[in-house]
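Reader: Before I set anything up with this model, could you take me through it in questions and answers, with the cut-offs spelled out as they come up?

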Amino acid sequence: MSSSTSAHSGGSSAVTRQYAPYVEADWGYANHWYPALFSHELEDGSAKGITIGGHDIVIRRSAGKAYALSDRCIHRGVKLSAKPMCLSEGTITCWYHGFTYGLDDGTLTTIVGNPDDSLIGRAKIRTYPSEEHNGIIYVFVGDEDFGTPPPLESDLPMRVNNDPNDNPVAHLLEEGVHIRGIRRTLVGNWRLAAENGLDPGHLLVHWDNTILLALNRALPLGVNAVADSATEEIDIPDGPKGVMNRYDRPDLYQPVLENPKVNMEARGGEQHYFRTSLWVPGSLMVEHWPLTDQVQYEFYVPIDDHHHMYWEVIAVRASSQEERDKFDFQYENFLQPLALEGFNDSDVFAREATEEHYTRFDGWNNEVLCDMDYSIVAWRKMAARHLRGFFESPYQDED
């Protein structure tokens, strides 16, 4: 590549200034849509708490619909989700003193033990826009006065229309799509997780994964970009913003199959096409992975500056219950244990190991990037241009 060495070797603090807003986003990007819960995690009449970018949010399902509100009672500040109390449709009640809020607008509708209190009708808790599609509940999180949120689709990976095999994978919002997945809380900043997902140089950590052996999958030791266009920048007007590693273009990427200096060579005999892309505010799409016609989505949802919620989702098109059942069996007995857990556990280990350097040693200014980090730098620049705001620490400064 013509520009990677001069732009990325050493002098990291100077390079960092090229994407300074991204480096400032320790707590994540505000005013974006994020996945909050899987639909199956929230039964009707129940409530659960989650944290996104320092915002404590309670999700309450009432009459089938999911509502998102601040998970802090205005009275004494306890979390509503600490002991969910859902006494009537359309409300949520604080278990401590009975403050009861309407789900639509958060207004204090009554106090269980004092229904004539003068505060009723004059106070409220914050609500958050929410949408539910194909088994995932999404919440728009950010500034309370942001106004009308953009469409959910603008914060998800794009609908694929450039599949080289004319076989585009399923989109998260597409009708007739069946989704299975897991989510887990991990140590590590959300950016380190996102960059690991896109990183073309990290294949070494998967060299000995069981799923590759089971499928006789030929995974190279690495892939080297041979042109600046190897990582494509995608900026859809009023839509998704991201970067795509064009592994489908052999004229742009050259696989590394052996390195005699360390006596290593790639395993497996079956070539398998896949392609990765990373999208603002932090979601990965891996097309035709783990298997052809499947797509793996990952979300790196910031919790605070040192933890994130790691979402791993596999989506397929399934037009009948029989097809859904068949996929469920494959998912539960093969894809989850060997792909989402076995294969991705190597990524989890790498991300958590990286966190120490960026926490203790100012890693953003003390990393030494190389040629194979080209796509990561492209992502950082793209992400720096398209944020709508920053999450900030909710903790009060101490003098």
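**Strand β4 and its surroundings**

Author: S70 lies in strand β4, residues 65–70, where strands (E, at least two residues) and helices (H or I, at least four) are DSSP runs numbered from the N terminus. This is a predicted model in which local features need pLDDT of at least 70 and side-chain atom pairs count only at pLDDT 80 or more, while totals for chains, interfaces and linings use all residues. Residues are numbered from 1 along each chain as its sequence is written, and side-chain values use heavy atoms, with hydrogens and water left out.

Reader: Is S70 buried or exposed?

Author: The classes rest on relative accessible area with a 1.4 Å probe and protein chains only: buried is under 20%, exposed is over 50%, and partly exposed is in between. S70 has contacts, meaning heavy atoms within 4.5 Å, with D56, V58, L80, I125, R126 and Y128, once its neighbours within four places in sequence are left aside. With a relative accessible area of 14%, S70 is buried.

Reader: How far apart in space are A66 and L80, C-alpha to C-alpha?

Author: A66 also has its place in strand β4, and at 7% relative accessibility A66 counts as buried. Beyond its neighbours within four places in sequence, A66 is in contact with L42, I59, R60, R61, S130, E132 and I137. A66 and L80 are 14 residues apart in sequence, and their separation in space is 15 Å.

Reader: Which helix gives the most to the largest nonpolar core?

Author: A nonpolar core is a set of buried Ala, Val, Leu, Ile, Met, Phe, Trp, Tyr and Cys residues joined through side-chain atoms within 4.5 Å. The largest one has 97 residues, and those with the most contacts inside it are Y22, I59 and L172. The helix that gives the most to this core, with nine residues at positions 321–360, is α6.

Reader: How many residues does the second, separate core have?

Author: Leaving aside neighbours within four places in sequence, I59 is in contact with residues including A36, L37, A66 and V139. The second core is separate and includes V58, L80, F99 and L103; its number of residues is 16.

Reader: How many disulfides does a search of the whole structure find?

Author: A disulfide is a pair of cysteine sulfur atoms within 2.5 Å, and the search finds none. C73 is in no disulfide, since the nearest cysteine sulfur, that of C94, is 3.9 Å away, and C73 counts as buried at 4% relative accessibility. C86, partly exposed with a relative accessible area of 24%, is in no disulfide either, with the sulfur of C94 as its nearest at 12 Å. The total is zero.

Reader: How many of the twelve residues of α8 are buried?

Author: Helix α8, residues 374–385, reaches 17 Å from its first C-alpha to its last, close to the 16 Å expected at 1.5 Å a residue, a span defined as 1.5 Å times one less than the number of residues. Its buried residues include Y374, W379, R380 and M382. The helix is mostly covered, and the number of buried residues is ten.

Reader: What is the radius of gyration of the protein chain?

Author: The secondary structure of the protein chain comes to eight helices and 21 strands. The radius is taken over C-alpha atoms, and the globule rule is 2.2 Å times the number of residues to the power 0.38. That rule gives 21 Å for 399 residues, and the chain's value is close to it, so the chain is as compact as a globular protein of that length, at 23 Å.
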